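These are my notes from a first look through a structure that was new to me. I went from the surface to the interior and then to the pairings between side chains.

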Amino acid sequence: MLKSDWKRHFGLRDAGVYYALILLMVSLGVITFMADRPPYFSPLNITNILYQSSMIAMMGVAMTVILITGNFDLSVGSVAALGAAVCVGLAGPLGFWVAALVALLACAMVGVLNGMIVQLLGINAFIVTLGTLTAIRGLVLILTDGRSLIVSTSEARAQMVAFEGGRVPVQTAVIVIGALLAAFFLIRLIRARSAGQRVGPGIPGGIIGGVALIGVALLAGPELRVAKPVIYTGIYTLLVWAVLSFTTTGRRVYATGGNPVAARLSGVNVNAYKMAGFVLSSATAGFAGILFGSRLGAVNPTALQGAELTVIAAAILGGTSLFGGAGSVIKTLVGALLLFTLTNGFNILNLGANYQGVIEGTVVVAAAAIYTVGGNRKKKAPA
């Protein structure tokens, strides 16, 4: 049984996204070297990938939670644009911090609205959030009057730059975190094997993730400096992962999406957990929007249009089930990195945007096929 667990958790279905990212990075490194392009593994390029993927990864983590509860949220791109528009528009008269708080609350209220319509009226989440996607985008057009908004005072702009801008040296911190993660999950693996217990699904991923962090830090060298949004995303991901993995709340979240009837009979307030998923998703999108607005000190009415599709793609690449009850925020994070590593590689190799769309779409469909076929084989396997 233990041998079977080990094979399953390190197999293509459970760890495929890690292997795909490693293979893609190595391939791009070799190709760029042979094509005499700028070095792929330079600290600047690696940190750029992390920076570019940070906002999508953050929203992807929240999307994973709502998918685990058995729901869906198509409105995150529009909600993020709303957060950016409110923050940028109010930063001048109210100051950045007050404006950011108002933007965050406004976006959280969108989540409350989505959750109430879905849970109380029983309308499908896909239809509800498709409607709010359009409605909130219209609200952004109203707030911006169809034009770009720019922060009106230099003081507010300076606060936004301090919040979002700048790079922090992190090589030592990343190596320490990676070593701690790998050691923690290795100890859990050894204990599980010695006690004759099943190996938990997150243990192999934790070991791989820890080793990957160490590898990236060593490749980047002492010049590894990351932007603040990357740090925000890392902290947020670790917090959500810890709650889902080690708390009663996390177990109830999985139960809510996996078997809502059994969860309700066990005393779990299923509606409350599903509602909380919508609020978390919208509030996280609002925070990402605040980062987006702070990055440029401006926002246009079409900002982040289509971002929801990239967010969902990251979750799917990470193996999150669209039917609820299964998903990993760490693998969603890796899925986002995979998408932006592809984009970064296309840019370095000077491939056109048309090729990017075709290949990225193919990668998402292939990932979904691998997870679906792997899941069907698992169900058909003899007990």
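**Surface patch**

I began with Phe 126, which I found in helix α6. The model is a predicted one, and I kept that in mind for every entry that follows. I looked up whether Phe 126 is buried, partly exposed or exposed, and its relative accessibility of 41% places Phe 126 among the partly exposed residues, because that class lies between the 20% and 50% limits.

I then looked for the residues that share a nonpolar surface patch with Phe 126, and noted Met 116, Leu 120, Leu 121, Ile 123, Ile 127 and Leu 130, the patch having about 680 Å² of accessible area together. Two elements, α5 (96-121) and α6 (125-144), each give two or more residues to this nonpolar patch.

**Leu 90**

Next I turned to Leu 90, which sits in helix α4, a helix that covers residues 76-94. The relative accessible area of Leu 90 is 28%, and I therefore entered Leu 90 as partly exposed.

Which residues does Leu 90 touch, once its neighbours within four places in sequence are left aside? I wrote down Gly 95, Ala 99 and Val 102. For Val 102 I also noted the spacing: twelve residues separate it from Leu 90 in sequence, and the two C-alpha atoms are 8.6 Å apart in space.

**Nonpolar cores**

I moved on to the interior and asked which residues have the most contacts inside the largest nonpolar core. They are Met 59 and Met 63, in a core that has 91 residues. Helix α3 (residues 43-68) supplies the largest share of this core, with 13 residues. Another core lies apart from it and has eight residues, including Tyr 51, Ala 217, Leu 224 and Val 226.

I followed Met 63 a step further, and, leaving aside neighbours within four places in sequence, I listed its contacts as Asp 73, Val 76, Val 311, Ile 312 and Ala 315.

**Cysteines**

I looked for disulfides and counted zero. Why is Cys 87 not bonded to Cys 107, the cysteine with the closest sulfur? The two sulfur atoms are 9.8 Å apart, which is too far for a bond, because a disulfide needs the pair within 2.5 Å. I checked the entry from the side of Cys 107 as well, and its nearest cysteine sulfur is that of Cys 87. Cys 87 is buried, with a relative accessible area of 0%, and Cys 107 also counts as buried, at 0% relative accessibility.

**Salt bridges**

How many salt bridges does the structure hold? I noted two.

One of them joins Arg 147 to Asp 145, with the closest N and O atoms 3.2 Å apart. Both partners went into my notes as exposed, Arg 147 with a relative accessible area of 54% and Asp 145 with 52%.

In the other, the side chains of Arg 295 and Glu 164 meet, at 3.3 Å from N to O. This pair links distant parts of the chain, since Arg 295 belongs to helix α13 (residues 270-296) and Glu 164 to helix α7 (residues 154-164), and the two are 131 residues apart. I closed this entry with their exposure: Arg 295 is partly exposed, with a relative accessible area of 25%, whereas Glu 164 is buried, at 4%.

Definitions and conventions. Residues numbered from 1 in each chain as written. Predicted model: local features only at pLDDT ≥ 70, side-chain atom pairs only at ≥ 80, totals over all residues. Heavy atoms only, no water. Helix = DSSP H or I, 4+ residues; strand = E, 2+ residues; numbered from the N terminus. Buried < 20%, exposed > 50% of the residue type's maximum accessible area, 1.4 Å probe, protein only. Contact = heavy atoms within 4.5 Å. Patch = residues over 30% accessible without salt bridge, like charges linked within 9 Å, V, L, I, M, F, W, Y side chains within 5 Å. Areas by Shrake-Rupley, 256 points an atom, 1.4 Å probe, with all protein chains shown as cover. Salt bridge = Lys/Arg side-chain N within 4 Å of Asp/Glu carboxyl O. Core = buried A, V, L, I, M, F, W, Y, C linked by side-chain atoms within 4.5 Å.
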